[in-house]
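Trainee: Please show me the model. Then let me ask about it piece by piece.

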Amino acid sequence: MNQPSRTLTFTDMFRPPINRAMSSLDRAFFRKDVYLAAACVLDSKLIATYRNELHGDILKLERLPPIRPIPPGIAADKNTKCLLLKPDIQLEDRSSWSPKLLKLVESQQVLLTPFHLQLGYNYWTYLDIISAILPEQDQHEIPVGFSVVGHVAHLNLRDRYLPYKTLIASVLIDKNPTIRTVINKIDDVGEDNEFRTFRYEVLAGPDDMNVEVKEQDCLFNFDYSKVYWNTRLGTEHPRLVSKFKPEEAVCDVMAGVGPFALPAAKKKVWVWANDLNPESHRSLVANANRNKVAPFVRPFCEDGHSFIRSSSSRLLNSKRQITLRPKVSRTARTNENQKPFQQVPGETLKEPNVFSHYILNLPASALTFLPSFIGLYSGRDHLFHPSTGTKLPMIHVYCFSTKSDDNKIEEAKIREEIGRQLGYEFRGIEGADMEIWDVRDVAPQKRMFCASFRLPAEVAFSGEDATDCR
């Protein structure tokens, strides 16, 4: 056996070779020979039994199966397998053997033999390879976080890692089979335009940004370079959608390609989905059709301020309804032993005339859209409680703020700003009239929140109606 390898620590033995001068990825460089002992199980039928009995002796490493074909030169049946043993078990030193291993060897049930294990580039992970390439001074913040949107990996590299961007991207593609393209963002979202898109550079793979994403049992197809999509909202979307009840009407003012709208429509929620970006609107329409929820989705491409008011007015006059036919199996239609198939009457759903929820997911500026709710139902108080059983709508508005351990300061600021935008003071017990949900961290000192509250009657029925589009 190769004696020098025995002096290495267990961790060192299985680390990749280091080359901190590598400027382009050389996959062939990453090879390593490890010399171990192996226990050949002479009766191939007993391999599982001896694997359990030698549990404490067997080499245990992720991505490295301990059961291997026998090495060349061992006189045994071709089906004979061997078990890789820990590096501290030495062929020449029986004191390193466990009592169980010693007993199996002495009874000739297993045969100890040298084993030459060859590790290559495919064995090591992204982090293993990058750690072997980057300089020592850049090891403490190795880029490991990235968003995956369909087949695209979206990096946001710090300046210090830009010299290694091609290396990083190449390894990412190698180690993530579903990723075909790696991009790096080169400006902030929405820095140059109001559609929340961003400029990027392709680091590896084709410049193909037409992606497919599955979320909440819906398939979304869109051009990631032309629309807004945030994978990190993958838990926020279902959280909010869970608040919507079947046959309610929801107004999604900044709907994007439909991450709230389409899953809600699958619940038989009537959704009026708007986005100012024409490309988002086109994708929304296509995705609604593809997911077979188009009857429940009304797409618009309008300014959000005016849409809040015009959509409420248009919905008051809506007479839209849908008849859902029950699904009938092909067997039921063709079974000759049954009576001739008769179409079962369907369920007719009527769209309500007021929205139960408004979604404003434009965190950089959504709070400034709130004045559009002032006087939204001026002169229409008879439509709501106590005249009817209908409550005023819930508003779900997203925003950014600072971050603290308990968010108390941030919640107070958000609450105050919402009141200022609406010209209304929330006087209820803190938290009782408004829920402020911590969505996610955006930056070291920046957090995204969602404030949910019922539109106050004093705001909805106010006579201040200067922006009324009705």
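**Helices, sheets, spaces and odd angles**

Trainee: Which residues of helix H5 are buried?
Mentor: Helices (H or I, at least four residues) and strands (E, at least two) are DSSP runs, numbered from the N terminus. Buried means under 20% relative accessible area, exposed over 50%, and partly exposed in between (1.4 Å probe, protein chains only). In H5, the buried residues are Leu167, Ile168, Ala169, Ser170, Val171, Leu172 and Lys175.

Trainee: What kind of model is this?
Mentor: Residues count from 1 along each chain as its sequence is written, and side-chain values use heavy atoms, without hydrogens or water. Local features need pLDDT of at least 70, side-chain atom pairs count only at pLDDT 80 or more, and totals for chains, interfaces and linings use all residues, for this is a predicted model.

Trainee: What do the buried residues of H5 pack against?
Mentor: Contact means heavy atoms within 4.5 Å. H5 covers residues 165-175 and lies across S6, S7 and S8. Its buried residues pack against S6, S7, S8 and helix H4 (126-133).

Trainee: At what angle does H5 run to S8?
Mentor: Axes are lines fitted to C-alpha atoms, for helices over the stretch in contact, and angles run from 0 to 180 degrees between N-to-C directions. On that scale, H5 runs to S8 at about 65°.

Trainee: Which strands are at the edges of the four-strand sheet?
Mentor: Two strands pair if DSSP finds at least two bridges between them. This open sheet has the order S5-S6-S7-S8, with mixed pairing. Each edge strand pairs on one side only: they are S5 (147-149) and S8 (200-204).

Trainee: Which residue is the bridge partner of histidine 154 in S7?
Mentor: Strand S6 (residues 152-155) and strand S7 (residues 181-185) are parallel, and four bridges pair them. In S7, the partner of histidine 154 is isoleucine 183.

Trainee: By how much are neighbouring strands of the seven-strand sheet turned against each other?
Mentor: That open sheet has the order S13-S12-S11-S16-S17-S19-S18, and its pairing is mixed. Its edges are S13 (297-300) and S18 (435-443), each paired on one side only. The average turn between neighbouring strands, direction ignored, is 15°.

Trainee: Which residue of S17 stands opposite tyrosine 358?
Mentor: Strands S16 (residues 357-360) and S17 (residues 394-401) run parallel, joined by four bridges. Opposite tyrosine 358 in S17 is isoleucine 395.

Trainee: Is asparagine 277 buried or exposed?
Mentor: Asparagine 277 sits in the loop between strand S12 (270-274) and helix H8 (278-290). Leaving aside neighbours within four places in sequence, asparagine 277 is in contact with Phe195, Lys226, Val227 and Cys301. With a relative accessible area of 3%, asparagine 277 is buried.

Trainee: What is the volume of the largest cavity?
Mentor: On a 1 Å grid over the protein atoms alone, a cavity is a set of points where a 1.4 Å probe fits but cannot get out; a pocket is an open set with protein on both sides within 12 Å along at least five of seven lines; lining residues have an atom within 4 Å of a point. Grid points are joined across faces, edges and corners, and a volume is the space filled by probe spheres set on the points. The structure holds one cavity of 30 Å³ or more. Its largest cavity has a volume of about 90 Å³.

Trainee: Which element gives the largest share of the lining of the largest pocket?
Mentor: This pocket has a volume of about 1300 Å³. Of its 42 lining residues, the closest to the centre are Asn156, Lys185, Arg232, Arg440 and Val442. The largest share is four residues, and they come from S18.

Trainee: Where is proline 386?
Mentor: A cis peptide bond, with omega of about 10°, joins histidine 385 and proline 386. Most peptide bonds are trans. Proline 386 is in the loop between S16 and S17.

Trainee: Is lysine 292 buried or exposed?
Mentor: Lysine 292 is in the loop between H8 and S13. Its phi is near 60°, a positive value in a residue other than glycine. At 74% relative accessibility, lysine 292 is exposed.

Trainee: What is the relative accessible area of glutamate 247?
Mentor: Glutamate 247 lies in the loop between helix H6 (236-241) and S11. Its phi is positive, about 75°, although it is not a glycine. Glutamate 247 counts as partly exposed because its relative accessible area is 38%.
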